[in-house]
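Colleague: Hi! Could you walk me through this one while I have it open?
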Amino acid sequence: MSGVDAPEILAAYDAVRSDKDATNWLLISYASAMGDKLTLTGTGTGGLEELAGKLDDGQAQYAYVRVEYANDTESKRVKFALVIWIGENTKVMRKARVSIESGNVKRVLAHHSITVDARDKSDVTEKEIVPRLRKAGGADYNGGRG
């Protein structure tokens, strides 16, 4: 594979999924301008806002994020999203390969409710992602108004 199954990526994935770990996102980037080797380039505890700040406009990257949100005053949900980021300055050949290579990433980071194809950092916000997670989760306690 392309390195997406490297031990450090799998460990970060387990950390994001764990209820006992504060880590709530991981970021995978291409190791170099050529080739398909992927490497873990970051993890964090600051959620979607922190993750969005780490996205590179000149790269294609993959992120896995844990999102917690309230359905009502009584309950809290935890869902996972896979973000496929293609920055506006990403080279054409890299953009073309993402559709092929993202399949490997999806197989390794398999447990997610939604996939977010992000082209702008505003695509990686709670305002954009939580309503989609609510829809994917079945019950919508806000009458469709995320």
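Modeller: Happy to. One term before we start: helices and strands here are DSSP runs numbered from the N terminus, with at least four residues for a helix and at least two for a strand. Also, keep in mind that this is a predicted model.

Colleague: Thanks. How much space lies in the largest pocket?
Modeller: About 290 Å³.

Colleague: And which residues lie nearest its centre?
Modeller: Those are S32, A33, M34, K91 and R94, out of 15 lining residues. Helix α3, residues 92-108, gives the largest share of the lining, with four residues.

Colleague: What is the lining like by class?
Modeller: Evenly split: five residues are nonpolar, five are polar and five are charged.

Colleague: Switching to helix α4, which of its residues are buried?
Modeller: In α4, which spans residues 126-136, I129, V130, L133 and R134 are buried. They sit on the same side of the helix, because the arc they cover around the axis is only 135 degrees.

Colleague: What about the other side of α4, buried or exposed?
Modeller: K127 and K135 are exposed there.

Colleague: What do the buried residues of α4 pack against?
Modeller: They pack against α2 (47-54) and three strands: β3 (60-70), β4 (76-86) and β5 (114-118).

Colleague: Let's look at β5, then. Which residues are on its covered face?
Modeller: I114, V116 and A118 are on the covered face, while T115 and D117 are on the uncovered one. In a regular strand, side chains alternate between the two faces of the sheet.

Colleague: How do β4 and β5 run, parallel or antiparallel?
Modeller: They run parallel, joined by five bridges. V83 stands opposite V116 of β5.

Note on methods. Residues numbered from 1 in each chain as written. Predicted model: local features only at pLDDT ≥ 70, side-chain atom pairs only at ≥ 80, totals over all residues. Heavy atoms only, no water. 1 Å grid on protein atoms, 1.4 Å probe; cavity = no way out; pocket = protein on both sides within 12 Å on 5 of 7 lines; lining within 4 Å. Points joined across faces, edges and corners; volume = space filled by probe spheres on them. Nonpolar A, V, L, I, M, F, W, Y, C, P; charged D, E, K, R; others polar. Buried < 20%, exposed > 50% of the residue type's maximum accessible area, 1.4 Å probe, protein only. Arc of directions from axis to C-beta. Contact = heavy atoms within 4.5 Å. Pairing = 2+ DSSP bridges.
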